[in-house]
Amino acid sequence: MLTREPAVDGTFYPSDPIVLRQQVAEMLDKVTTQGSPPKAIIVPHAGYIYSGELAAQAYAAVQAERDKIRTVVLLGPAHRVYFRGIAAPAADAFKTPLGSIPVDQNAIEGILEKFPFVQRLPQPHRDEHSLEVQLPFLQQVLDNFHLIPLVVGDATPDQVDKVIDYLWGDERTLIVISSDLSHFHDYATAQSMDEQAASAIEGLQPQVLNGQLACGFLPVSGLLLAARRRKINPDRVGLCNSGDTAGDKDRVVGYGAWLFQQQDTQQQSMSDEQKESLKKLALASIKCGLETGNPLSVDDYFKEIDGDVKLPDYQGAAFVTLKKNDQLRGCIGSLAAYRPLKEDVAENAFAAAFRDPRFSAVTETEIDDIELSISVLTPPEMIVFTSEQDLIAQLRPGVDGLIMTEGGNRGTFLPSVWENYPQPESFLSHLKLKAGLPAGYWSGTIKVERYETVSW
């Protein structure tokens with residue numbers, strides 16, 4: 001039995017198992033998680049003093065699946081050895097100070113047989129840190145799993161995508177992509193480059209990435225292709241650089257982390273009674289805000305009312321819109337489901353009444369004149385397009401809600417906004433304005449997602 005021994009313990013992370021376990025546990029304990037567990041994550045691979053806490057934020061989201069995940073597909077870039085294709089290990093296990101992790105040799109044999117660009121190459125694995133620094137985190141958050149460790153050399157995003165697709169598996173398989181972002185620029189330049197990389201990742205646009213923006217751009221690009229095909233959109237965990245953590249700001253390395261969560265795209269139906277109950281909940285949250293200045297406690301609310309109508313207990317994303325005399329008076333919502341729908345409705349009703357920056361807070365004298373509507377969103381799906389005209393041709397007036405993202409600019413229009421701008425060209429240009437962009441703006445990095453709503 002061949003074992004790949006640790007190469008960077010004592011430098012990138014502690015070599016003492018007690019100290020290492022304590023350090024990883026402390027980083028994980030600082031994290032508060034919410035939302036469904038990820039199918040895939042992108043995490044940095046610098047020394048723990050530089051990027052460990054950001055990596056921990058991503059790994060903390062995996063802990064809920066401790067007893068379920070049995071296979072980890074781990075891909076990272078080659079830093080020390082040049083080779084073509086993708087390197088599978090010769091080793092039967094990968095060792096860290098926390099113990100040994102068995103390699104899934106059946107899966108390795110499968111990809112060796114299927115893909116000629118995958119080879120058994122021990123040299124790229126021997127001193128490679130991009131995979132090794134992930135292992136103590138995995139050992140801390142998971143139980144009894146097998147590893148499929150792959151170092152990506154001079155390969156193509158399409159080749160990486162093929163391997164990821166083959167190894168995708170079910171809910172028992174986690175995919176981990178190891179990559180840092182920009183390297184050795186001053187702080188301001190790094191921030192700009194890292195935001196560009198983040199925009200490409202979040203827009204599922206691998207063609208924008210290169211080795212200057214991310215050392216692991218090839219494994220990242222392969223994941224983006226796989227995610228785009230499955231209509232999985234990444235959620236940013238965080239973005240920082242070594243100047244923010246443990247280094248000076250003259251010459252920094254950038255770090256980012258993302259979660260890729262598979263969601264059920266089926267809109268879950270609600271009865272008329274449930275819809276009416278959610279509407280009453282929204283109004284109660286606004287009245288609670290008038291009385292106390294705080295949003296309603298959903299649990300306390302349901303203890304005080306007749307519980308005959310059971311509200312949906314699944315996670316949901318909703319917008320709450322307030323109108324007075326047919327004029328908008330407030331509108332706040334969530335674009336992604338990350339908490340129970342009833343909590344989302346209560347919080348967004350409060351925010352629409354008191355925290356919409358376009359309006360003053362709703363007053364008690366207005367409450368009887370307020371018309372309230374709720375829109376529950378389906379999970380956003382990426383629109384893949386080649387030009388602005390191609391995007392316009394794909395829009396469905398009256399049906400599509402849109403989210404537009406360009407760098408740090410973001411805006412959304414609910415499907416109801418088609419009533420104001422029934423022509424796709426006008427709808428899109430006004431959405432750009434809402435996102436803080438000129439009406440005639442266009443670039444190849446614009447990201448547009450669509451969703452539908454059930455409104456009442």
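This is a short tour of one structure, stop by stop, with a suggestion of what to select at each. Keep in mind as you go that the model is predicted.

**Stop 1: the largest nonpolar core**

Start by selecting Tyr59, Val72, Leu138, Leu150, Ile164, Val176 and Phe260. The largest nonpolar core has 90 residues, and these are the ones that touch the most other members. Now colour helix H2, residues 48-60: with seven residues, H2 gives the most to this core.

Stay with Tyr59 for a moment. Which residues is tyrosine 59 in contact with, leaving aside its neighbours within four places in sequence? Show Leu28, Ile41, Val43, Gln134, Phe137, Leu138, Val141 and Val176, and you have the answer. Two of these partners, Leu138 and Val176, were in your opening selection too.

Another core, of 28 residues, lies apart from the one you have just seen; to find it, select Val298, Leu311, Ala353 and Val376, which are among its members.

**Stop 2: two packed helices**

Next, select helix H7 (residues 157-167) together with helix H9 (residues 217-230). Their axes are 7 Å apart and the helices pack at an angle of about 60°, which makes H7 oblique to H9. Turn the view and you can follow H7 as it passes H9 in a right-handed crossing.

For the side chains, show Pro157, Asp158, Val160, Asp161, Ile164 and Asp165 on H7; among the residues they meet on H9 are Leu218, Pro219, Leu225, Arg229 and Arg230. Ile164 should look familiar from the core at the first stop.

**Stop 3: leucine 239**

Move on to strand E11, residues 234-241, where you will find leucine 239. Is this leucine buried, partly exposed or exposed? Leucine 239 has a relative accessible area of 28%, so it counts as partly exposed.

Beyond its neighbours within four places in sequence, leucine 239 is in contact with Leu181, Asp194, Glu195, Ala198, Tyr255, Gly256 and Trp258. Try a distance label to the last of these: the C-alpha atoms of leucine 239 and tryptophan 258 are separated by 9.2 Å, with their positions 19 residues apart along the chain.

**Stop 4: an open sheet**

Finish with the four strands that form an open, antiparallel sheet in the order E16-E19-E17-E18. At the edges you will see E16 (381-382) and E18 (409-413), each pairing on one side only.

Zoom in on E17 (residues 401-406) and E19 (residues 447-451), which pair over five bridges. Pick methionine 404, and its bridge partner in E19 is valine 448. Last, add helix H15 (residues 424-434), which packs on the sheet and touches E17 and E18. The direction of H15 makes about 135° with that of E18.

Conventions: Residues numbered from 1 in each chain as written. Predicted model: local features only at pLDDT ≥ 70, side-chain atom pairs only at ≥ 80, totals over all residues. Heavy atoms only, no water. Core = buried A, V, L, I, M, F, W, Y, C linked by side-chain atoms within 4.5 Å. Buried < 20%, exposed > 50% of the residue type's maximum accessible area, 1.4 Å probe, protein only. Contact = heavy atoms within 4.5 Å. Pairing = 2+ DSSP bridges. Axes fitted to C-alpha atoms, helices over the stretch in contact; angles between N-to-C directions. Parallel < 35°, antiparallel > 145°, perpendicular 65-115°, else oblique. Left-handed = near helix turned anticlockwise from the far one by under 90°.
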